[in-house]
Amino acid sequence: MSRTDRIPHRRRKPALVAGALVGAAALTVSTLSTASADESPQTMQRVDNPYVGAGVYVNPEWSANAAAEPGGSAIADQPTGVWMDRTAAIEGTGQGAGRTMGLADHLDEAVIQAQGHDEFVFQVVVYNLPGRDCAALASNGELGPNDLATYKNDFIDPIADILSDPAYADLRIVTVIEIDSLPNLITNVGSRPTATPLCDQMLANGNYVKGVGYALATLGDIDNVYNYVDAGHHGWLGWDDNFGPAAQLFYQAANAEGASPSDVAGFIANTANYSALEEDHFSINDVVNGTPVRQSSWVDWNRYTDELSFSQALRNQLVQLGFPSNIGMLIDTSRNGWGGADRPTGPGPQTSVNAYVDGGRYDQRIHLGNWCNQSGAGLGERPVAAPETGIDAYVWIKPPGESDGASREIPNDEGKGFDEMCDPTYGGNARNGWSLSGSLPDAPISGHWFPAQFQELLANAHPPVS
């Protein structure tokens, strides 16, 4: 019995939320001939980089929120990811005027936006593993650690049924697979001071690896789907004892549950995070008064100083392990611009290695391990295809203005807990060097609109928003 036989999918009429704004924005990118639901589209020819020559979907719900903010219309036409972060999100939640768009609604809208474009990309985040985000309570999910069968049958299979609808066969569908999952099995397990009981459990039961493998295999069977697996960021996996083992774990997951490396179009770094794209004022090879930059408090023996160098190196490592030579990297630049009045214009003083690095770094976080609603952050590079060697695109997968987590406990029906890393008064833990969290106050639960954060991102954007 096929998935379609098990879980029938009935298409709905296209959603037209904020259609005028989104339609105008879509014309600025490039063209696609669409097939009707009654036609039998030809098998789409796969391409090396799905973003090249393509328009990219603008989420009308996010666009409407952005446009409603002072100054937000300047970026409301930017493409962002659509997040499937719980089973209910597939069909959409709420009733009447308060109903949110489901996956098919977004895809129907993408078909409308694609008119007049030769090619068109739709970006969706697949994010609901059993025991999700075992080291961050703010983004815990609805499924328990052992709910792998539920994940497969009630989450991945229905998503696959919708994505395989012939009505969407002319779209290039980019799936971002399970952020913050596999990297946790490297850094937050065993005897490390950063370990958590849930991460140890997910390593032992194998359900992160099995879940990612099943998602890759199932979604990879659809001709026009391009899977990109989350690969953390340089401030998470850039150390020698994390970098190689992480690449090996990614390869293991790409061979689990019927998957193969050919089901992987690439990997994505810095998803929903803040690490700088490039640090121009210091290099990992610099030496100050006889002390290497690697020994500075900020770099702390990491091999990388930014996301571009990390992503390019990780890509090379993955190809060496056996991934296809044409895999590409995505980098989420939605919140790593770090502009504004405090942006350094040159290196720090060479009085000490710490002064040199701290005075010149763009990333103004208190610690590289801080991740929740960071104070001082700004919008980064706008989404663009093929900006650098090995990089398929800079993308805004995390929609700017959507919270990372609540700054206090807020009851909710989305399975999301309260993480102290989202409390601006929190003094830290082993995962952030016992530092203050650096988070903004008065934040809502993760994924909900956070106007104060949006305004700060807009004000600190680099490149600036005109």
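This is a short tour of a predicted model, going from its nonpolar cores to one helix and then to a set of paired strands.

Start with Leu182 and Phe267. These two residues have the most contacts inside the largest nonpolar core, which has 77 residues. Keep Phe267 selected and show what surrounds it. Beyond its neighbours within four places in sequence, Phe267 is in contact with ten residues to pick out by name: Tyr228, Val229, Ala231, Phe250, Leu318, Phe323, Ile327, Gly328, Met329 and Leu330. Apart from this core lies another, of 19 residues, including Tyr51, Val174, Ile179 and Val395.

Next, select helix H9, residues 207-220. Its 14 residues should span 20 Å at 1.5 Å a residue, and the C-alpha atoms at its ends are 19 Å apart, so the two values agree. Is H9 enclosed or open to the outside? Of its 14 residues, 12 are buried, so the helix is largely enclosed by the rest of the structure. Among the buried ones are Tyr208, Val212, Tyr214 and Leu219.

Now move to strand S11, residues 391-395. The strand is mostly covered, with five of its five residues buried. Add strand S9, residues 328-332, which runs parallel to S11 and is joined to it by four bridges. Within S9, find Leu330: it is one of the contacts of Phe267, and it stands opposite Ala393 in S11.

Finally, add strand S10, residues 384-388, which pairs with S11 in the antiparallel sense over three bridges. Val384 stands opposite Tyr394 in S11. Two residues lie between the strands of this hairpin, where Gly390 takes a positive phi near 80°.

Technical notes
Residues are numbered from 1 along each chain as its sequence is written. This is a predicted model: local features need pLDDT of at least 70, side-chain atom pairs count only at pLDDT 80 or more; totals for chains, interfaces and linings use all residues. Side-chain values use heavy atoms; hydrogens and water are left out. A nonpolar core is a set of buried Ala, Val, Leu, Ile, Met, Phe, Trp, Tyr and Cys residues joined through side-chain atoms within 4.5 Å. Buried means under 20% relative accessible area, exposed over 50%, partly exposed in between (1.4 Å probe, protein chains only). Contact means heavy atoms within 4.5 Å. The expected span of a helix is 1.5 Å times one less than its number of residues. Two strands pair if DSSP finds at least two bridges between them.
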